[in-house]
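Good morning, colleagues. Please look at the sequence and the model as they appear, and I will then take you through them.

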Amino acid sequence: MQSLKLFSVYFIELSLLFVFISVIVGFINQKYKNTFQKHLSKDSYFSYFKAIFLGSLTPFCSCSTIPLLRALLNANVAFGVCMAYLFTSPLINPIIVVMLFLAFGLKLTLFYIIFLYIAIFIIALFLQSLDSKNFLKQEIKPNVSNFSLKPTKITTFSLTKPATNCCDSKNSCCEKPKNNNLLKTLFYQSLKDYKKLIPYIAIGMGIGALIHGFAPQDFLQNALNFGILSIIFAALIGVLLYIRVEAIIPIGIALLEAGVNEGMIFSFLIAGAGCSLPELILLKSMFKTKFLAIFIGLVLLISICFGGVIYVL
């Protein structure tokens, strides 16, 4: 019964989030002349930091980042910039930063933020250098060029009437579509896209409800006997689970009080927050399997590297 309740909450939450974000991003992109292309596709490293900053402001878990990621890709934002947001949002956000500060102090929290900013920036540059056509499914068409500045014509749906009979005898041209008409068009388009995602959301949230909050604390405590290898074990366990941001820090505190090394805790926390089975299922709706393998590997790399540094220090 508890799993069914969680499934209902997760499914409704993510569904509403997808439709809402799709409409808002589409509205901003259309109303303000391709805002996302203007600010996130320039030939500048600042585009990456803007995406990282955007991710830092969104208090989303790993699954909740998918709606905005899809909207950014559909808005023709550069692939590497989209990846910067994807990695940042579940790992650096207001909730997790405050909880880290209260649990582990200012020094370790600042080191966590700086380390992840640098690591995500490098990873985003690396992914931008690859040919994203090999990773994305055909219905997703982002800006795959290296910071192409050429304007992109969006032809998904028409927001204006034909030009015939637009101006009257006094050369007074017709008014632009009103905001409510634009929002209505975007809403129907978001519903059309949402229908394609329903199976992925249902499966992903079903798995999330079944394994919600599960953390094998006894195993993690026993893994201390493996020394530096415990960092790798903790990261692998974290990736297999689905733990919300609100619960992941208290789990870390409980492990710390039980005598588990901080490096092992952070390896588990980063892997658990940055990647999960439900998120991978949702990503499968947009990306090919080879990208999912790369994504998992990069999240594990970040978690193991950070955990290893903390373990040594």
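Allow me to begin with a definition: a residue is called buried when its relative accessible area is under 20%, exposed when that area is over 50%, and partly exposed in between. Cys-275 has a relative accessibility of 0%, and therefore counts as buried. Please bear in mind that this is a predicted model.

Let me stay with Cys-275 for a moment. It sits in the loop that joins helix 12, residues 262-274, to helix 13, residues 277-283. What is Cys-275 in contact with, leaving aside its neighbours within four places in sequence? The partners are Gly-238, Val-239, Leu-241, Leu-280, Phe-295, Ile-296 and Val-299. A further relationship spans much of the chain: Cys-275 and Phe-87 are 188 residues apart in sequence, yet their C-alpha atoms are 8.9 Å apart in space.

I turn now to the protein as a whole. Its secondary structure consists of 14 helices and zero strands. The protein has 313 residues, and 48% of them count as buried. Among contacts with a separation of 6 or more, 83% are between residues 24 or more positions apart. The accessible surface comes to about 15,600 Å², and carbon and sulfur atoms account for 66% of that surface.

Next, the interior. The largest nonpolar core has 73 residues. Which of these touch the most other members? They are Leu-69, Tyr-112, Leu-283 and Phe-287. If we set aside residues up to four places away in sequence, Leu-283 touches Ile-66, Leu-69, Leu-86, Leu-292 and Phe-295. There is also a second, separate core of six residues, and Phe-18, Val-23, Leu-186 and Tyr-194 are among them.

Tyr-194 brings us to another pairing. The C-alpha atoms of Tyr-194 and Leu-16 are separated by 9.8 Å, although the two residues are 178 positions apart along the chain. Leu-16 belongs to helix 1, residues 2-31. Is Leu-16 buried or exposed? Its relative accessible area is 59%, so Leu-16 is exposed.

By way of contrast, consider Ile-248 in helix 11, which covers residues 245-257. Ile-248 counts as buried because its relative accessibility is 0%. Its C-alpha atom lies 7.9 Å from that of Gly-272, a residue 24 positions away in sequence.

I should like to close with the surface. A nonpolar patch of about 800 Å² is formed there by Val-98, Phe-101, Leu-102, Leu-106, Leu-110, Ile-114, Ile-118 and Ile-122. Which elements give two or more residues to this patch? They are helix 6, residues 94-104, and helix 7, residues 106-129. Helix 7 gives the most, with five residues.

Helix 6 deserves a second look. One patch member, Val-98, is placed in this helix. Val-98 has a relative accessible area of 47%, and so is partly exposed. The buried residues of helix 6 are Ile-96, Leu-100 and Phe-104. Why do these buried residues lie on the same side of helix 6? They do so because they cover an arc of only 35 degrees around the axis. Just after helix 6 comes Gly-105, which takes a positive phi of about 95 degrees.

To recapitulate, we have seen a protein of 14 helices and zero strands, with a largest nonpolar core of 73 residues and a nonpolar surface patch to which helix 7 gives the most residues. Thank you for your attention.

Conventions
Residues numbered from 1 in each chain as written. Predicted model: local features only at pLDDT ≥ 70, side-chain atom pairs only at ≥ 80, totals over all residues. Heavy atoms only, no water. Patch = residues over 30% accessible without salt bridge, like charges linked within 9 Å, V, L, I, M, F, W, Y side chains within 5 Å. Areas by Shrake-Rupley, 256 points an atom, 1.4 Å probe, with all protein chains shown as cover. Salt bridge = Lys/Arg side-chain N within 4 Å of Asp/Glu carboxyl O. Helix = DSSP H or I, 4+ residues; strand = E, 2+ residues; numbered from the N terminus. Buried < 20%, exposed > 50% of the residue type's maximum accessible area, 1.4 Å probe, protein only. Arc of directions from axis to C-beta. Core = buried A, V, L, I, M, F, W, Y, C linked by side-chain atoms within 4.5 Å. Contact = heavy atoms within 4.5 Å.
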